[in-house]
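Let's take a walk through this model together, one helix at a time. Keep the structure open as you read.

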Amino acid sequence: MEIVEIPKETILPARAALAAKGIYCEHTTAGNYAAYLKYCELHGRTPDSLITMCGAGLKSDH
């Protein structure tokens, strides 16, 4: 198991990237996607992944 740490400044861009794909999540849970992107940067893309997301981002003001 590996833990990937990300700076908080990467969360909103990750949320925007998900929103561009039609996936609207809360910005706090977009941290999961930001960590996945960091993992891919370090180790390359994975053949399959499961990224947990929850919360409706439509109510967020970001």
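Start with helix H2, which runs over residues 30–43: its 14 residues reach 20 Å from first C-alpha to last, close to the 20 Å expected at 1.5 Å a residue. Bear in mind that this is a predicted model. Just past the end of H2 sits Gly44, with a positive phi of about 90 degrees.

Now, which residues of H2 are buried? They are Ala30, Gly31, Tyr33, Ala34, Ala35, Tyr36 and Cys40. What they pack against is helix H1, residues 11–20. With H1 and H2 you have the two helices of the protein chain, and there are zero strands to go with them.

Turn to H1, then. Its buried residues are Ile11, Ala14, Arg15 and Leu18. They cover an arc of only 100 degrees around the axis, so they sit on the same side of H1. H2 is part of what covers them. If you want a single residue to click on here, try Ala14: leaving out residues up to four places away in sequence, Ala14 touches Ala30, Tyr33, Ala34 and Leu37. After H1 comes Gly22, and its phi is positive too, near 90 degrees.

Put the two helices together and you get to the core. In soluble globular proteins, nonpolar side chains tend to be buried together. Here the largest nonpolar core has nine residues: Ile11, Ala14, Leu18, Cys25, Ala30, Tyr33, Ala34, Tyr36 and Cys40. H1 and H2 are the elements that give two or more residues to this core, and H2 supplies the largest share, five residues.

Two of those core residues deserve a look of their own. The structure holds one aromatic pair, formed by Tyr33 and Tyr36. A pair of aromatic rings is described by the distance of the centres and the angle of the planes. For Tyr33 and Tyr36 the centres are 6.3 Å apart and the planes 25 degrees apart, and the pair is stacked. Because they are three residues apart in helix H2, Tyr33 and Tyr36 are separated by about one helical turn. An α-helix has 3.6 residues a turn, so residues three or four places apart point the same way. Both tyrosines fall under the 20% cut-off for burial: Tyr33 counts as buried at 12% relative accessibility, and Tyr36 does so at 17%.

Not everything in H2 is tucked away like that. Is Leu42, also found in helix H2, buried or partly exposed? At 48% relative accessibility, Leu42 counts as partly exposed, because that value lies between the 20% and 50% cut-offs. Leu42 also makes a handy marker for the fold: Val4 is 38 residues away from Leu42 in sequence, with 9.5 Å between their C-alpha atoms.

Finally, step back to the whole chain. Among contacts with a separation of 6 or more, 54% join residues 24 or more positions apart. Of the 62 residues in the protein chain, 23% are buried. The accessible surface comes to about 4,700 Å², and carbon and sulfur atoms account for 58% of that.

Key
Residues numbered from 1 in each chain as written. Predicted model: local features only at pLDDT ≥ 70, side-chain atom pairs only at ≥ 80, totals over all residues. Heavy atoms only, no water. Helix = DSSP H or I, 4+ residues; strand = E, 2+ residues; numbered from the N terminus. Expected span 1.5 Å × (residues − 1). Buried < 20%, exposed > 50% of the residue type's maximum accessible area, 1.4 Å probe, protein only. Contact = heavy atoms within 4.5 Å. Areas by Shrake-Rupley, 256 points an atom, 1.4 Å probe, with all protein chains shown as cover. Core = buried A, V, L, I, M, F, W, Y, C linked by side-chain atoms within 4.5 Å. Arc of directions from axis to C-beta. Phe/Tyr/Trp six-rings, centres within 6.5 Å; stacked < 30°, edge-to-face > 60°.
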